[in-house]
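Student: Could you take one part of this model and go through it slowly with me? I would like to follow how its pieces are arranged, and then see what lies elsewhere along the chain.

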Amino acid sequence: MASVLVVEDDQFVRSALIRHLTDASHTVRSVGTALEALREVAHFRFDVVILDLGLPDLDGSEALKMLRGITDVPVIIATARDDETEIVRLLNAGADDYLTKPFSVEHLSARIAAVLRRARSGGPEAPPSTVIRVGGLTVDPLRRQAELDGARLDLTRREFDLLAFLAGRPGVVVPRKELLAEVWQQSYGDDQTIDVHLSWLRRKLGETAARPRYLHTLRGVGVKLEPPGERAQP
């Protein structure tokens with residue numbers, strides 16, 4: 001199973017999570033503050049972190065940024081905040097997934113399983129052995145590196161996987177359902193997750209949804225990546 005770090009200051013919720021995860025055969029460590037979480041991640045290897053936002057010493061969103069500075073371990077946010085702007089901000093800050101409290105143990109288990117499948121696969125599918133070139137974009141799946149016009153792109157793990165998946169199918173419209181299944185390893189999910197990561201990726205490619213160069217969204221259909229200058233077809 002997996003090694004899980006639970007970061008939760010509410011003792012009742014914390015105990016319930018530990019009990020459930022242990023019953024599911026996971027190895028669990030738990031802490032109640034952000035600083036303790038950072039120390040744990042620095043000294044132990046975890047497969048996934050369950051991070052509460054309402055921590056006593058540091059807001060969980062700030063803790064997330066600090067975690068992302070030292071590790072790429074998948075992080076699932078557990079929060080009572082259901083504001084759309086907040087959720088987008090968390091995804092932009094590097095969260096892999098989020099759950100709004102209260103949530104069922106079955107829902108948590110499904111999200112953990114999806115994140116673990118994604119992390120352990122190392123990508124949406126077995127990476128091709130050759131470097132992918134689309135216009136001025138170069139993607140090396142084996143080295144997990146991407147360049148635009150010779151300049152290295154600083155991508156998160158999820159951004160790279162999304163870019164590599166689309167670049168491997170240049171000019172092909174990929175349905176959102178397929179992106180969720182292949183990149184996020186989820187059979188269902190919120191389109192907002194895809195939109196946020198596409199927006200983040202566009203910024204790093206020097207484009208916007210209103211003025212796309214490589215990434216083209218076809219409303220109600222899907223997303224495709226193609227070289228600049230190619231005429232977008234539905």
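Tutor: In this predicted model, four strands form an open sheet in the order S6-S7-S8-S9, and their pairing is antiparallel. The edges of this sheet are taken by strand S6 (132–134) and strand S9 (151–152), and because each of these has a single partner strand, one side of each is left without a neighbour in the sheet. Strands of a sheet pair through backbone hydrogen bonds, and this can happen in a parallel or an antiparallel way. You can follow one such pairing in detail where strand S8 (residues 145–148) runs antiparallel to S9, the two being joined by two bridges; here Glu147 has Arg152 of S9 standing opposite. A helix belongs to this picture too, since H6 (residues 157–167) lies across S6, strand S7 (137–140) and S8, and its direction is at about 110° to S7.

A second antiparallel arrangement is found further along the chain, where strand S10 (residues 215–218) is joined to S11 by four bridges. S10 and S11 make a hairpin with three residues between them, and in the turn Gly220 has a positive phi of about 80°. Across this pair, Thr217 stands opposite Val223 in S11. If you look along S11, Gly222 and Lys224 point one way while Val223 and Leu225 point the other way, and all of these are buried. The segment after S11 (222–225) contains Glu226, which counts as buried because its relative accessible area is 5%, under the 20% limit. The side chain of Glu226 also makes a polar contact of 3.5 Å with the side chain of Lys224.

It helps to set beside these the open sheet of five strands, which has the order S2-S1-S3-S4-S5 and parallel pairing. Its edge strands are S2 (27–31) and S5 (97–100), each of which pairs on one side only. On average, neighbouring strands of this five-stranded sheet are turned by 20° against each other, with direction ignored. Strand S1 (residues 3–7) runs parallel to S2 and is joined to S2 by five bridges, with Val7 standing opposite Val31 in S2. Helix H1 (residues 11–23) packs on this sheet and touches S1 and S2, and the direction of H1 makes about 170° with that of S2.

The record adds a label for this region: an unreviewed UniProt entry lists residues 3–116 as "domain: Response regulatory". Over residues 3–116 the chain is 46% helix and 21% strand, and the C-alpha atoms at the two ends are 10 Å apart.

Helix H4 (residues 84–92) shows how burial can be arranged around a helix, for its buried residues are Glu86, Ile87, Leu90 and Leu91. Seen down the axis of H4, these buried residues fall within an arc of 135°, so they line one face of the helix. The face turned away from that buried side carries the exposed residues Glu84 and Thr85. Just after H4, Gly94 takes a positive phi of about 115°.

Finally, consider His43, which has its place in helix H2 (residues 34–43). His43 is exposed because its relative accessible area is 64%, over the 50% limit. A polar atom of the His43 side chain lies 2.8 Å from the backbone oxygen of Arg39, whereas the C-alpha atoms of His43 and Asp97, 54 residues apart along the chain, are separated by 24 Å.

How values were computed:
Residues numbered from 1 in each chain as written. Predicted model: local features only at pLDDT ≥ 70, side-chain atom pairs only at ≥ 80, totals over all residues. Heavy atoms only, no water. Buried < 20%, exposed > 50% of the residue type's maximum accessible area, 1.4 Å probe, protein only. Polar contact = N/O pair within 3.5 Å; in protein donor to acceptor, adjacent residues only side chain to side chain. Arc of directions from axis to C-beta. UniProt positions renumbered as here; feature names shortened; annotations may be inferred. Pairing = 2+ DSSP bridges. Contact = heavy atoms within 4.5 Å. Axes fitted to C-alpha atoms, helices over the stretch in contact; angles between N-to-C directions.
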